[in-house]
Amino acid sequence: MKNITAERYTNGKPNLRRFHQARWDEPVIFELGRPGQRGILVPEAEAEIKSQVGDPLAGIPESLRRENPPHLPEMSQPAVLRHYVHLSQETLGADFNIDVGQGTCTMKYSPKVNDQLARMPEMTELHPLQDEGTVQGILEIMYRFEKILKEISGLDRFTLQPGAGSAAIYTNASIIRAYHASRGEAEKRDEIITTIFSHPSDAACAKVAGYKVITLYPDADGYPDLEALKAAVSERTAGLLITNPEDTGIFNPKIAEFTRVVHEAGGLCSYDQANANGILGITRAREAGFDLCHFNLHKTFSTPHGCGGPGGGATGVTKELARFLPAPLVDFDGGKYFLNYDLPESIGKIRPFYGVAPAVLKAYAWVIALGADGLREVAEVAVLNNNYLMHKILSIRGASAPYATGKPRVEQVRYSWQKLFEDTGIHSDELGIRAADFGVHYWTSHHPYVIPEPCTLEPTESYSKEELDEYAAIIEQVANEAYTDPDLVRTAPHNSTVHTIDHHPLDDPAQWCITWRAYLRKTVIS
Amino acid sequence: MPSRKIVYPYIPNSEPAIRAAMLKEVGAASVDEFYANIPAALRFKGRMNLPAPFLSEAALRRHVESLLRKNTTAQQHLNFLGAGCYQHHVPAVCDEVNQRGEFLTAYAGEPYDDHGRFQALFEYCSMMGELLEMDVVNVPTYDGFQAAATALRMAGRITARTRVLLAATIGRDLLSKIRDYLKPEIEIVMLDCHPKTGGIDLQHLASQLNSGTAAVFFENPSYLGFLETRGQEIADLAHQHGALIVVSVDPISLGVLTPPVNYGADIVCGDIQPLGMHMQFGGGQAGFIASRDEEKFVMQYPSRLFGIAPTRVPGEYGFSDVAYERTSFAKREEGNEWVGTAAALWGITAGVYLALMGPQGMKEIGETILYHSRYAKQEIGKIKGVRTDVFAAPHFKEFVVNFDGTGKKVAAINKALLKKGIFGGKDLSREFPWLGQSALYCVTEVHTKDDIDRLVSALKEALA
């Protein structure tokens, strides 16, 4: 037998995969099916009901009845299934790749057992308004999970109501507003301070809550600028919304001074803990002086990202601020768990009911499978993986990691390909598109690009050394191509589902088509 | 404490030799070196006080299952609760698709990584567009509450006005959300409802409309179940003053009811949970916002909007973001509100639902729901002292049941029903004190005649 295996290695290293993304050249669903076909049958009302009720539409005025049936597809059940399975195969889920390329997103492994547990009817078939006595299990899980978050953060009370991370940031901003209003300072305190390397939602949610936003830029070494903060605070300061480590992966060692300066000015400090994965059990919101914080259950706590949700957000506060949390909270009276609506100063509802309960269940299961030692192992290995990958990436021609030179990073790194761009004319986003040809994600960064030609990589704890080596080898291959065969990069993707998209129509109101009906209306038939 | 060193299955490099080799390769003595930036005073001392872990998957499963089994489901009991979260049949294919790892674990990839995700969401928006007869639909926001709150802030930006008028019968939780979300920019005025029909009092509406009014908002069907039958008159009045009409609609009603655009709605919003999402204790909510395809509307959406576009290969469909520069991803606080992780997977699922149902399925489900809820309303209304005609208007799947004539409180009645394995309707006595001892009952296609008859006889016993 021929040694096929040997041919898969070069100089003792595995060759890059000859990946090709699934390409079904799938029609748009409206092109499928035939009139009269059915995907599912609906229960018909029983004869006795029909005879008793008579015309089901009686009393509904003509003007309120649907005149024309909606132009939905008419498809058989297997045809619907096949169409969506094709589309799913054309989607690069974290289950399918070394998903370290979506920095800030914490694309860790979402344990399958937790998904299975969340599919039990005792989770899926619960109405949120059932008698509390019939939902003691899910209430107990919410109560237990809150306790876990209190220990991880050091804060005193959590709500699990926000739908995801940005909704939790908004919740924090709204609580800050309610706090100042309770002291008669709502009008006066109309500014919120954030940093440019905090998530865009820290700025955006503050604005939605009615604040003017002051954004601090980093000092020469990339750290949040304490002097700039001192200059920014005043009697108009309502609060600080800040990430730490920032999206650069740099931990702000002066964070306790930041919170002190803001407190001295009369503001509150809110900790965006979307980047908590590298610091579980290492450092907490309380010790750094924060009044509020939030976690993303779909990032640090492993719940699957679902193509962009449902995720889960958890907002934590100090005892003093607990009275402003959205109602209800989950409490325990010694005998049973109950929903506590007794919050007269609450900011109000953030979301219907109590939050994304299945995400809470999965996050709880993830923590309880790991325990205190396991969570610390998560943090330590996430940070080890990151520094290991940084070591690899920085050895690639054209790569750098601006700021905090020579210092370790926490759980992610914002790299720069400025040198590569100057040498080759290839932009970071073009590298990313070429990386897709090898079956991995690669994300540039949030705007604005303060670090030129950026990319942010976050390995999490979920990938092995060999996988990190493989990812680095892909990036090295792509970077080398930029030097040796830039057109290959420029014309990418070559192995994707689709080829280069013409983006021009997407920004032109006369041409953009956000639905199929708009497309049919705007299509030029020649 | 475990008797051996743990190598965590979720953490490949927790194996000690690998860990050591990696440390060596980067020239670090221990992981502590990576935390050099964290001052000693901020370092958490000791070990977090967390419950002992269930390290094996078998033990974990046993533990979580034992907690979940303390719940009683709406399958084990008969359920007549609605009020924003609804028990409809979830087609198997909906679950099959949203459980696929490709969709379940994808996130924010580019079209060249995630073409299928972009297409599936474009198709969801397109099918919603057909149901709503509107050309623009967003990638889902968190839930119907967020959709309504954002739709109203969009209306404020589109009209450059700062006052909205809300129907008095909207749910108190939704009102609470809207109050919080509109506080910085928009004044809220509550419109009186017509005492007989529950609909908006047109005289009061006329008196409240002025050149500062950005929008008039109502739900159809309303939170209390009745239909607002005078949508066109409301819209005509509002439009005379340059105000927009924002309507929140239950999408599962739209096989039989006309979409709000046909009675003058400018922005339509709502929750897609009925379209293929399990109730999940309120975890299946997802919001939609829809409008006409006008630049002044489109440019005010905060959400992702996906569009179809050509690629360099003839005949190949591409999909990507429309007008990305609107968003907070592009412009931080200068974008519209914010965009982030919300409820995309439920959007894909609702697309599957609509594709399975087709036009005929949507019509039939609307009819069955009407039959069932009307039958229940009739039968419950026959019980002595019980009224189901609180609002003289047609209803869809929910209706108010008033028990004032029985001398019994809803809480006590629901307790008696629970003993018989029935979740009675939502107690409205705190939310809407002017309705007395009333409950909001929800009946859908999942109920049978037997189920409804069982409810009626249980009610009779409870009230005897």
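The radius of gyration used here is taken over C-alpha atoms, and the globule rule to hold it against is 2.2 Å times the number of residues to the power 0.38. Keep that in mind as we walk through this predicted model.

Let's start with chain A as a whole. With 526 residues, the rule puts a compact globule near 24 Å, and chain A comes out at 26 Å, so the two agree. If you'd rather think in boxes, the C-alpha atoms of chain A fill one of roughly 80 × 70 × 55 Å along the principal axes. Buried residues account for 60% of the chain. Take the contacts in chain A between residues at least 6 apart in sequence, and 73% of them turn out to join residues at least 24 apart.

What is chain A built from? It has 15 helices and 13 strands. The domain assignment cuts the chain into domain 1 (19-96), domain 2 (140-368) and domain 3 (373-490). Between the centres of domain 1 and domain 3 of chain A, over C-alpha atoms, lie 43 Å.

Now zoom in on one strand of chain A, β7, which covers residues 268-272. Is it buried or exposed? Mostly covered is the verdict, with 5 of its 5 residues buried. In a regular strand, side chains alternate between the two faces of the sheet. In β7(A), Leu268(A), Ser270(A) and Asp272(A) sit on one side, Cys269(A) and Tyr271(A) sit on the other, and both faces are covered.

Which strands does β7(A) pair with? One is β6 (residues 237-243) of chain A, which runs parallel to β7(A) and is joined to it by 5 bridges. Within that pairing, Leu241(A) has Ser270(A) as its bridge partner in β7(A). To get from β6(A) to β7(A), the chain passes through helix α9 (residues 255-264) of chain A, making a right-handed β-α-β crossover.

Another partner is strand β8 (residues 292-296) of chain A, again in the parallel sense, with 3 bridges to β7(A). Here Asp272(A) stands opposite His294(A) in β8(A). Asp272(A) is also one of the buried residues of β7(A).

That leaves chain B. Its secondary structure comes to 14 helices and 14 strands, and its C-alpha trace spans about 80 × 55 × 50 Å along the principal axes. Of the 464 residues in chain B, 63% count as buried. As for contacts in chain B with a separation of 6 or more, 71% come from residues 24 or more positions apart.

Terms used:
Residues are numbered from 1 along each chain as its sequence is written. Chains are lettered from A and ligands numbered from 1 in the order in which they are written. Domain bounds come from an automatic or database domain assignment. A residue is buried if 20 or more other C-beta atoms lie within 10 Å of its own, exposed if 12 or fewer, and partly exposed in between; C-beta atoms are placed from the backbone. Helices (H or I, at least four residues) and strands (E, at least two) are DSSP runs, numbered from the N terminus. Two strands pair if DSSP finds at least two bridges between them. A crossover is right-handed if, with the strands pointing away from the viewer, the path from the first strand over the helix to the second runs clockwise. Two residues are in contact if their C-beta atoms, placed from the backbone, lie within 7 Å.
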